[in-house]
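Thank you all for coming; I would like to take a few minutes to walk through one model, and I would ask you to keep the structure in view while I talk.

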Amino acid sequence: MDRRSSVGCLVEVVETLVLTLIIFLVIQNFIAQPYQVQQNSMEQTLEPDQYVLVDKLTPRFDAYGRGDIVVFNPPATWSSDGTPFIKRVIGIAGDTVEIRDDSRVYVNGVPLEEPYVFTDTNGDQDPTEVPDQARWQVGEGELFVLGDHRAKSADSRVFGTIGVSDVIGRAWLRYWPLPTFGVLSTPRYPELERANTGASVDGSPAPSAS
């Protein structure tokens with residue numbers, strides 16, 4: 001191989017490496033990013049040391065909704081090392097979120113059914129601790145988030161709502177360890193849908209106002 005061929009080969013290798021790096025940076029910054037779960041706050045939905053893929057593309061045209069699992073930058077006072085948090089969206093703009101004495105979460109006066117909340121070995125659901133402030137109004141450009149393991153989660157109960165601008169993306173795929181591989185489903189809240197259509201929480205028609 002002559003000198004000219006060697007130089008040509010080297011240029012091709014460099015071009016390939018640069019192109020690969022550019023593609024990687026574009027994907028990570030604008031499309032999807034891996035994230036390692038480091039906290040216990042999303043047990044049993046997500047366990048520590050599992051890896052999820054965070055979707056950064058679709059939130060640009062599909063707003064975050066109730067039930068979405070999001071990765072976000074918490075207030076600086078709650079993450080001195082800059083580690084992002086991962087929680088579930090409970091309230092969106094315009095919602096009123098309450099935690100009442102029965103330890104249930106209410107959105108716009110309707111108690112949520114939350115099958116994803118952590119359960120212990122006896123099958124008992126993790127109660128949601130009632131904080132000093134138990135009622136929040138979610139403003140425009142804000143989200144109210146809670147961990148699925150309520151007893152081990154620092155979330156909107158203590159630092160309030162978060163800004164949509166602080167959200168890195170929507171966790172949508174758990175990919176490691178391989179036996180846990182699967183899409184993270186987003187729960188529906190039919191009780192809220194019934195309330196919005198004028199039916200009572202148990203599904204019967206809501207009484208008309210006189």
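Let me begin with the largest pocket, whose volume comes to about 170 Å³, and let me say at once that what we are looking at is a predicted model. The largest pocket is lined by 14 residues, and those closest to its centre are S103, R104, L112, E114 and Q125. If we sort that lining by class, we find six charged residues, five nonpolar ones and three polar ones. As for the method behind such a search, rolling a probe the size of a water molecule over the atoms shows where empty space is left.

R104, which I have just named among the residues closest to the centre of the pocket, also takes part in a salt bridge, its side chain meeting that of E113 at 3.0 Å, N to O. Is this pair buried or exposed, or something in between? R104 has a relative accessibility of 31% and therefore counts as partly exposed, and E113, because its relative accessible area is 48%, is likewise partly exposed, given that the partly exposed class lies between the 20% and 50% limits.

The count of salt bridges in the model comes to nine, and I would like to pick out some others. The side chains of R88 and D148 meet at 2.7 Å, N to O. That pair links distant parts of the chain, since R88 sits in strand β4, residues 85-91, whereas D148 lies in the loop between β9 (142-146) and α2 (156-159), 60 residues apart. Both R88 and D148 are buried. D155 and R157 form a further salt bridge, at 2.8 Å, N to O, and these two residues are buried as well. In addition, D55, D68 and R170 are joined in a network of salt bridges.

R88 brings us to the strands, for its position in β4 is opposite I69. β3 and β4 pair in the antiparallel sense, over four bridges, while three bridges join β3 to strand β11, residues 167-176, again running antiparallel. Within β11, G169 is the bridge partner of V71.

Which way do the side chains of β3 point? From this strand, residues 69-72, I69 and V71 point one way and V70 and F72 the other, and all of them are buried. In a regular strand the side chains alternate between the two faces of the sheet.

Notes:
Residues are numbered from 1 along each chain as its sequence is written. This is a predicted model: local features need pLDDT of at least 70, side-chain atom pairs count only at pLDDT 80 or more; totals for chains, interfaces and linings use all residues. Side-chain values use heavy atoms; hydrogens and water are left out. A salt bridge is a side-chain nitrogen of Lys or Arg within 4 Å of a carboxyl oxygen of Asp or Glu. Helices (H or I, at least four residues) and strands (E, at least two) are DSSP runs, numbered from the N terminus. Buried means under 20% relative accessible area, exposed over 50%, partly exposed in between (1.4 Å probe, protein chains only). On a 1 Å grid over the protein atoms alone, a cavity is a set of points where a 1.4 Å probe fits but cannot get out, and a pocket is an open set with protein on both sides within 12 Å along at least five of seven lines; lining residues have an atom within 4 Å of a point. Grid points are joined across faces, edges and corners, and a volume is the space filled by probe spheres set on the points. Ala, Val, Leu, Ile, Met, Phe, Trp, Tyr, Cys and Pro count as nonpolar, Asp, Glu, Lys and Arg as charged, and the others, Gly among them, as polar. Two strands pair if DSSP finds at least two bridges between them.
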